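User: I should like to go through this model and ask, point by point, on what grounds each description rests.

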Amino acid sequence: MLELSDIDAFYGNSRALQGINLMVGSGEFISVLGRNGVGKTTLMRSILGLMDRVTGRLSLDGADISALRTHQRAKAGIAYVPQGRGILPRFTVRENLTLGTFAARSANGIEDWVLELFPVLKEFLNRYGGNLSGGQQQQLAIARALLAQPKVILLDEPTEGIQPNIVEQIEDVIVKLNREHKITVVLVEQNVAFARRASHRFALLEKGRVVAKGEIGELTDDLIQLHMAV
Ligand SMILES: Nc1ncnc2c1ncn2[C@@H]1O[C@H](COP(=O)(O)OP(=O)(O)OP(=O)(O)O)[C@@H](O)[C@H]1O
Ligand SMILES: [Mg+2]
């Protein structure tokens, strides 16, 4: 279980998150929703330990991880697929994937089940990351995160700016990771239809605060109109 208690996060003196309380059960799928600039990415970065300053308590399976460095959080079982993918363009697909394995708790190499989720990566192992399409780069970013053997995967707008024919493929894999591989998923999403189809629970952010949360069935059109319409 991932638990955030009274989390505040800062860029310099500016407070981007205020008093975030969120509990994500093991095996659960939660979607974090909200307009541009409300703090969704900041929340992901706070969980990973990538912010300069975060206060409050963060725990994973009962252990306080607030003081751990990012690589230690990765080893503890939290993987991150950043907004914009963050793959290394001058590294091959194989090299990008190998980077993911470094964060794994046990030596694993590039596991077959991950390549089987994304056959195109298997085909392009020797291509440079930068020569893949946007959708293929996103698949690479997800595969790299999985090779770290995570308990929890954080996905920040994984289908943003991706060709529609690949979007569905990526969405199906994300659902499969949760339902079949029992990986806990924290998904940042603007696509409400996908959040509804995939999640068990949701949290809606506004100006760095959680303004609504609950079972996904409680995510009404009124809430979406109020907190997501532009
Ligand atoms: N590096 C930074 N330095 C200072 N302020 C920042 C920085 N990054 C983000 N912010 C501010 O923090 C707030 C939250 O930004 P964040 O990127 O977390 O939003 P978001 O919900 O992920 O938005 P989007 O949907 O556009 O990705 C915004 O007001 C933003 O301007
Ligand atoms: Mg963002």
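**Grounds for the descriptions**

Analyst: In strand 3, Phe29, Ser31 and Leu33 point one way while Ile30 and Val32 point the other way, and all are buried. The model is a predicted one.

User: What makes strand 3 (residues 29–33) largely enclosed by the rest of the structure?

Analyst: A residue is called buried when its relative accessible area is under 20%. In strand 3, 5 of the 5 residues are buried, so the strand is largely enclosed by the rest of the structure.

User: How do you know that strand 3 pairs with strand 8 (residues 184–188), and in which sense?

Analyst: Pairing requires at least two bridges between the strands. Strand 3 and strand 8 have 4 bridges, in the parallel sense, and therefore they count as paired. Within strand 8, Leu187 is the bridge partner of Ser31.

User: Which residue of strand 9 is the bridge partner of Val32?

Analyst: The partner in strand 9 is Ala203. Strand 3 and strand 9 run parallel and are joined by 4 bridges.

User: Why is helix 1 described as largely enclosed by the rest of the structure?

Analyst: Of the 9 residues of helix 1, 7 are buried, so the helix is largely enclosed by the rest of the structure. The buried residues are Lys40, Thr42, Leu43, Met44, Ser46, Ile47 and Leu48. Gly49 follows helix 1 and has a positive phi, near 80°.

User: Why is Thr41 called partly exposed?

Analyst: The term partly exposed covers relative accessible areas between the 20% limit for buried and the 50% limit for exposed. Thr41 has a value of 23% and is therefore partly exposed.

User: What makes Thr41 and Gln83 the protein donors of the magnesium ion (ligand 2)?

Analyst: A donor is an N, O or S atom within 2.8 Å of such a metal. The atoms concerned, OG1 of Thr41 and OE1 of Gln83, lie 2.0 to 2.2 Å from the magnesium ion, and therefore both qualify. Thr41 belongs to helix 1 (residues 40–48) and Gln83 to the loop between strand 6 (78–81) and helix 3 (93–101), so the pair ties together parts that are 42 residues apart in sequence. Gln83, with a relative accessible area of 33%, is likewise partly exposed.

User: How do you know that Thr41 makes a polar contact with ligand 1?

Analyst: The limit for a polar contact is 3.5 Å between N or O atoms. An N or O atom in the side chain of Thr41 is 2.8 Å from an oxygen atom of ligand 1, and therefore the pair counts. Taken alone, ligand 1 exposes 640 Å², of which the protein buries 56%. For Gly39, a backbone N or O atom lies 3.1 Å from an oxygen atom of ligand 1. For Tyr11, a polar side-chain atom lies 3.5 Å from a nitrogen atom of ligand 1.

User: Which residues are the closest to ligand 1, and how many surround ligand 1?

Analyst: Ligand 1 is surrounded by 13 residues, the closest being Asn36, Gly37, Lys40, Thr41 and Thr42. Helix 1 gives the most to this shell, with 3 residues. By residue type, the shell divides into 3 nonpolar, 7 polar and 3 charged.

User: What makes strand 2 and strand 5 (63–64) the edge strands of their sheet?

Analyst: The sheet is open, with 4 strands in the order 2-1-4-5 and antiparallel pairing. Strand 2 and strand 5 each pair on one side only, and they are the edge strands. Strand 1 (residues 2–11) pairs with strand 2 (residues 14–24) over 7 bridges, with Leu4 opposite Leu22. Strand 1 also pairs with strand 4 (residues 53–60) over 7 bridges, and here Leu2 stands opposite Leu60.

User: Is Ile7, in strand 1, buried or exposed?

Analyst: Ile7 has 3% relative accessibility and therefore counts as buried, the limit being 20%.

User: Why is Lys207 called exposed?

Analyst: Exposed means over 50% relative accessible area. Lys207 has 72% and is therefore exposed. Lys207 is placed in the loop between strand 9 (201–206) and strand 10 (209–215). Although not a glycine, Lys207 has a positive phi of about 45°.

Notes:
Residues are numbered from 1 along each chain as its sequence is written. Chains are lettered from A and ligands numbered from 1 in the order in which they are written. This is a predicted model: local features need pLDDT of at least 70, side-chain atom pairs count only at pLDDT 80 or more; totals for chains, interfaces and linings use all residues. Side-chain values use heavy atoms; hydrogens and water are left out. Donors are N, O and S atoms within 2.8 Å of the metal (3.2 Å for Na, K and Ca); water is not among the atoms, so sites may look incomplete. Helices (H or I, at least four residues) and strands (E, at least two) are DSSP runs, numbered from the N terminus. Buried means under 20% relative accessible area, exposed over 50%, partly exposed in between (1.4 Å probe, protein chains only). A residue is near a molecule or strand if one of its heavy atoms lies within 4 Å of it. A polar contact is a pair of N or O atoms within 3.5 Å; within protein, one must be able to donate a hydrogen and the other to accept it, and residues adjacent in sequence count only if both atoms are side-chain atoms. Accessible areas come from the Shrake-Rupley method with a 1.4 Å probe; for residues, only the protein chains shown count as cover. Ala, Val, Leu, Ile, Met, Phe, Trp, Tyr, Cys and Pro count as nonpolar, Asp, Glu, Lys and Arg as charged, and the others, Gly among them, as polar.
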